[in-house]
Each structure stands twice: as structure tokens, then as C-alpha cells.
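Got a few minutes for some structure reading? Here are some exercises, each with a worked solution to check yourself against.

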Amino acid sequence: MEYDEKLARFRQVHLNPFNKQQHEQGAGEEALDITSQARLPELPPGEPESRCPERVMDLGLSEDHFARPVGLFLASDVQQLRQAIQECKQVILDLPEHSEKQKDAVVRLIHLRLKLQELKDPNEDEPNIRVLLEHRFYKEKSKSVKQTCDKCNTVIWGLIQTWYTCTGCYYRCHSKCLNLISKPCVRSKVSHQAEYELNICPEAGLDSQDYRCAECRAPISLRGVPSEARQCDYTGQYYCSHCHWNDLAVIPARVVHNWDFEPRKVSRGSMRYLALMMSRPVLRLREINPLLFNYVEELVEIRLRQDILLMKPYFITCREAMAARLLLQLQDRQHFVENDEMYSVQDLLDTHTGRLGCSLAETHTLFAKHIKLDCERCQAKGFVCELCREGDVLFPFDSHTSVCADCSAVFHRDCYYDNSTTCPRCARLTLRKQSLFQEPGPDLDA
């Protein structure tokens with residue numbers, strides 16, 4: 001009983017130090033006496049020593065509540081962070097496996113390593129722009145982890161790693177891989193040689209490449225030893241797994257010859273080249289495959305671009321049209337207001353899906369409304385059929401008119417083709433020229 005009394009008295013003093021009700025001023029002397037006598041009670045003679053650890057744990061004295069927290073989150077320099085990381089590692093090893101405390105310690109270790117990487121990351125030392133092999137690399141600030149290094153084919157951990165992107169061809173790589181790049185920028189090839197390979201998969205054989213990658217010259221074979229040979233459907237050549245990631249792209253040769261838009265596997269270099277060339281109007285479709293217009297109905301629908309070319313002179317000479325910037329409706333396809341022969345792969349793809357036909361129809365309607373209804377100046381530039389001199393004012397982009405190829409005069413289609421005579425305006429111009437060049441004969445009487 002004496003031991004239990006001492007233990008209860010010890011708990012009352014040490015486990016409730018902030019309970020002021022136990023320390024009233026009236027009981028000051030008694031509290032001092034209890035405090036002076038309070039110490040770890042001794043075991044009775046019959047008690048075994050093995051109960052002492054249990055008693056200490058019960059008293060709550062086994063944990064140091066005022067010790068420095070594991071992980072040293074207040075560390076501000078590299079040396080302190082490294083010391084904190086070593087301490088956290090040791091704590092993880094000492095804790096029981098798969099316990100909650102060990103998991104928390106692992107999380108603290110990750111945060112400490114991220115903070116150390118931020119202090120060691122040479123973001124301030126490395127330049128924002130670097131030029132290498134015609135690449136213009138710009139240091140990225142994004143912390144995304146969805147990117148892949150095009151050089152080492154590993155994930156770019158944007159949270160802790162510095163990485164660059166080429167502003168020309170969008171080549172991505174780690175900062176440590178910059179000096180190892182051997183591939184020139186594809187943008188330079190597009191600028192100097194903007195043309196497609198129009199032969200469908202021009203394969204020459206792996207032996208013609210000496211069983212090496214067409215880009216990095218690494219040894220390859222069809223058996224996959226030492227590296228798998230992967231064929232690019234655009235160039236017809238074989239590449240290693242580092243230069244060919246089985247990316248898919250639409251092949252221009254298959255489009256212009258077979259109207260085939262199924263994506264095929266291409267190398268990384270071919271994919272970037274095709275992506276940069278996607279919107280460039282370099283295909284003269286009527287010269288490459290003129291029969292395509294006879295079999296593809298969608299191509300007939302985009303002949304409205306010929307009417308847009310005929311509308312362009314009206315807009316250039318109209319102040320209202322220039323103020324409204326109507327021609328900017330086609331700013332994404334500027335070649336549509338320059339000629340009607342050139343096509344880009346994007347034009348053909350949009351034609352195949354039907355988007356281009358709808359877009360051209362809306363633009364054609366808007367342009368025709370301005371010329372024929374909204375603007376009086378443009379209406380005054382219409383034509384009257386000089387063969388029948390009947391009907392409304394004619395415009396060269398109307399569907400029921402014909403335009404003289406020599407003088408650009410506009411007639412009803414029925415009048416111009418049914419009349420066996422030539423264009424009246426051209427006939428008048430011819431007579432006028434003849435009268436101007438006729439010189440009077442010499443005066444014999446003089």
C-alpha cells in the first residue's frame with residue numbers, strides 16, 4: 001500500500017504540471033513537500049526488476065518531447081540538409097518494417113531530398129537559351145512529369161530536373177544531355193528544303209544501311225540483337241529503338257496517290273519534319289495526281305477557293321472591306337488568297353473530314369454578301385452581259401456566269417457559249433489597236 005500511495009502522489013505531481021487546481025496557494029507548503037519527496041519509487045523487496053521498463057513507459061517518460069524532430073525541416077543550407085537526410089535514413093532502418101512511423105519517415109526523407117535538390121539545382125547558373133546544332137533551346141520552367149527526353153529516352157522529372165525545349169522542332173532533353181545531342185534541328189531542313197518524299201515507303205533494304213541505324217548509326221538487326229530494327233513508313237529506312245518510338249503520322253505520299261489518311265509508324269525525326277510541314281502549301285495536286293479530282297468528291301467542293309480568288313480584287317480596292325479585314329478570315333490558309341493550285345497536307349486532311357468544305361462555304365457566303373448586298377462600291381463594279389444586255393448585274397464568281405480569259409469580261413454562261421462570235425469586248429479592243437497602228441500613206445501631190 002505504501003508503494004501505491006507514492007506512485008499516485010508521483011503521478012499527481014508530474015503528469016499534470018499545468019493543472020493549477022492542484023497547486024492552490026493555500027496548499028503551497030504541502031505541494032512543496034510532495035514535490036521534494038516525489039521521485040521514482042523504489043520497488044518492494046519482492047518485486048522483480050523486469051517491471052521497471054513497463055512502469056517507465058506507463059509514466060510517459062520514454063519519449064523525449066523536447067528533442068529535435070527527425071528530418072531537421074528547419075535546415076537551410078546543404079550541409080544541414082545532408083546531415084538531416086542521414087539521420088532520417090538511420091531512423092528508417094531502426095523502425096519496424098511496414099509500420100506507419102516508417103512510412104512517415106520515408107515521406108520526410110523524400111521532402112528533404114527535394115529541398116536539397118532545389119538548393120543544388122543550377123537553375124541560376126545555366127543560361128535560359130542555348131544554341132546547339134541549329135537548335136535553339138529554351139530552359140523550361142514547367143514542373144510537369146509527362147515529358148520524355150528525346151536523347152536518353154527517359155522521363156523528365158520537371159520537379160527536380162532542369163530541361164530544355166527547342167523552339168524550332170520541339171526537341172526535349174535534360175540539361176545533362178544537351179552536350180550529347182547529335183541530331184540537327186529539323187526546322188533548318190524545312191526552311192531550306194520544304195518538299196515531301198512522294199514515293200510510298202521507298203525501302204532500300206537493311207543491308208544498304210550496313211545494318212546500322214539511319215540516324216545514329218547504331219548496330220541494328222531484324223532479330224532485335226543488339227537493337228531492334230524499326231522501319232519508318234515515310235523514308236523507308238530502318239532505325240534503332242532510340243530514334244524510332246513507333247510514333248504515328250499521316251504519310252503525304254499515301255494521301256496524294258491513294259487518298260489514304262491512315263497513320264503509319266515513323267521515326268522521331270520524320271515525325272517532327274511532318275509536323276512542321278503539315279500546314280505548308282507545297283503540294284501541286286493537279287500536277288502530282290490530276291485524276292484524283294475525278295474520283296474524290298470532297299475535292300470538288302473546295303473549288304470555292306477559285307471564287308475567293310476572284311473576290312480578292314474587290315476587297316483590295318474597297319475601304320470598308322479593308323477596314324473590316326475580311327481577308328483575315330483566311331489568315332490560317334493564306335495561300336487560298338494567293339493561288340488555287342497549292343495544297344497542304346492539313347488542307348487535304350480537313351477536306352477528308354469535311355471541315356474545310358464547311359469553312360469555305362461560310363467564308364464564300366460572307367464575302368459574296370459584302371460585294372453584292374452590303375457595299376455599294378463593290379456593287380458598282382459588277383458587269384452587264386454585252387451579248388444579251390438583259391438580266392441583273394453579273395459578277396465573275398457567280399455560278400451562272402462565264403469569264404473571258406483575255407479581257408475578264410463577264411457574260412451569262414448560256415449567252416457566251418451559244419454565241420458563235422468571239423467576246424465583243426475583245427473584238428472592240430482588236431479594232432482599236434488596228435486603227436491606232438494604221439498610218440496614213442504618203443502625199444504624192446506634194
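Below come the tasks, going from the whole chain to a sheet, a helix and a loop residue.

**Warm-up: the whole chain**

Work out how many helices and strands the chain has, and what share of its residues is buried.

Solution. Keep in mind that this is a predicted model. Step one, the secondary structure: there are 18 helices and twelve strands. Step two, burial: of the 446 residues in the chain, 35% are buried. Step three, the surface: the chain exposes about 29,100 Å² of accessible area, with 51% of that belonging to carbon and sulfur atoms. Last, look at contacts with a separation of 6 or more: 56% of them link residues 24 or more positions apart.

**Exercise 1: lay out the sheet**

Find the order of the four strands in the open sheet and say which strands sit at its edges.

Solution. Go pair by pair.

- Strand 1 (residues 129-132) runs antiparallel to strand 2, with four bridges. Here Arg130 faces Phe137 of strand 2.
- Strand 2 and strand 3 (residues 163-166) are antiparallel too, with three bridges. Phe137 is opposite Cys166 of strand 3.
- Strand 3 is joined to strand 4 by three bridges, again antiparallel. Thr165 has Arg172 in strand 4 as its bridge partner.

Put together, that's an open sheet in the order 1-2-3-4 with antiparallel pairing. Strand 1 and strand 4 (172-174) are the edges, since each pairs on one side only. From one strand to the next, the twist averages 30 degrees.

One more detail concerns the turn: strand 1 and strand 2 make a hairpin with two residues between them, and Leu133 in that turn has a positive phi of about 55 degrees.

**Exercise 2: two faces of a strand**

Sort the side chains of strand 2 (residues 135-139) by face, then decide whether Tyr138 is buried, partly exposed or exposed.

Solution. Start from the general pattern: in a regular strand, side chains alternate between the two faces of the sheet. In strand 2, one face gets His135, Phe137 and Lys139, which are buried. The other face gets Arg136 and Tyr138, which are not buried. Now the number: Tyr138 has 37% relative accessibility, so this residue counts as partly exposed. The cut-offs behind that are under 20% for buried and over 50% for exposed. Finally, see what Tyr138 does on the surface: together with Ile129 and Val131 this tyrosine forms a nonpolar patch of about 290 Å² of accessible area.

**Exercise 3: what packs around helix 14**

List the buried residues of helix 14 (residues 345-353) and the elements they pack against.

Solution. First the residues: Val345, Asp347, Leu348, Leu349, Asp350 and Thr351 are buried. Then their surroundings: these buried residues pack against helix 7 (252-258), strand 9 (283-284), helix 9 (285-288), helix 11 (297-301), strand 10 (342-343) and helix 15 (355-374). Just past the end of helix 14, Gly354 adopts a positive phi of about 95 degrees.

**Exercise 4: a phenylalanine in a loop**

Is Phe336 buried or exposed, and which residues is Phe336 in contact with beyond its neighbours within four places in sequence?

Solution. Locate Phe336 first: this residue lies in the loop between helix 13 (319-324) and strand 10. Its relative accessible area is 0%, so Phe336 is buried. Outside its sequence neighbours within four places, the contacts are Arg305, Ile308, Leu309, Leu330, Asp347, Leu356 and Leu360. Take Leu309 as a check: Phe336 and Leu309 are 27 residues apart in sequence, with 7.4 Å from C-alpha to C-alpha.

Methods:
Residues are numbered from 1 along each chain as its sequence is written. This is a predicted model: local features need pLDDT of at least 70, side-chain atom pairs count only at pLDDT 80 or more; totals for chains, interfaces and linings use all residues. Side-chain values use heavy atoms; hydrogens and water are left out. Buried means under 20% relative accessible area, exposed over 50%, partly exposed in between (1.4 Å probe, protein chains only). Two strands pair if DSSP finds at least two bridges between them. Contact means heavy atoms within 4.5 Å. Patches are made of residues with over 30% relative accessible area and no salt bridge: like charges are joined within 9 Å, nonpolar side chains (Val, Leu, Ile, Met, Phe, Trp, Tyr) within 5 Å. Accessible areas come from the Shrake-Rupley method with a 1.4 Å probe; for residues, only the protein chains shown count as cover. A salt bridge is a side-chain nitrogen of Lys or Arg within 4 Å of a carboxyl oxygen of Asp or Glu. Axes are lines fitted to C-alpha atoms, for helices over the stretch in contact, and angles run from 0 to 180 degrees between N-to-C directions.
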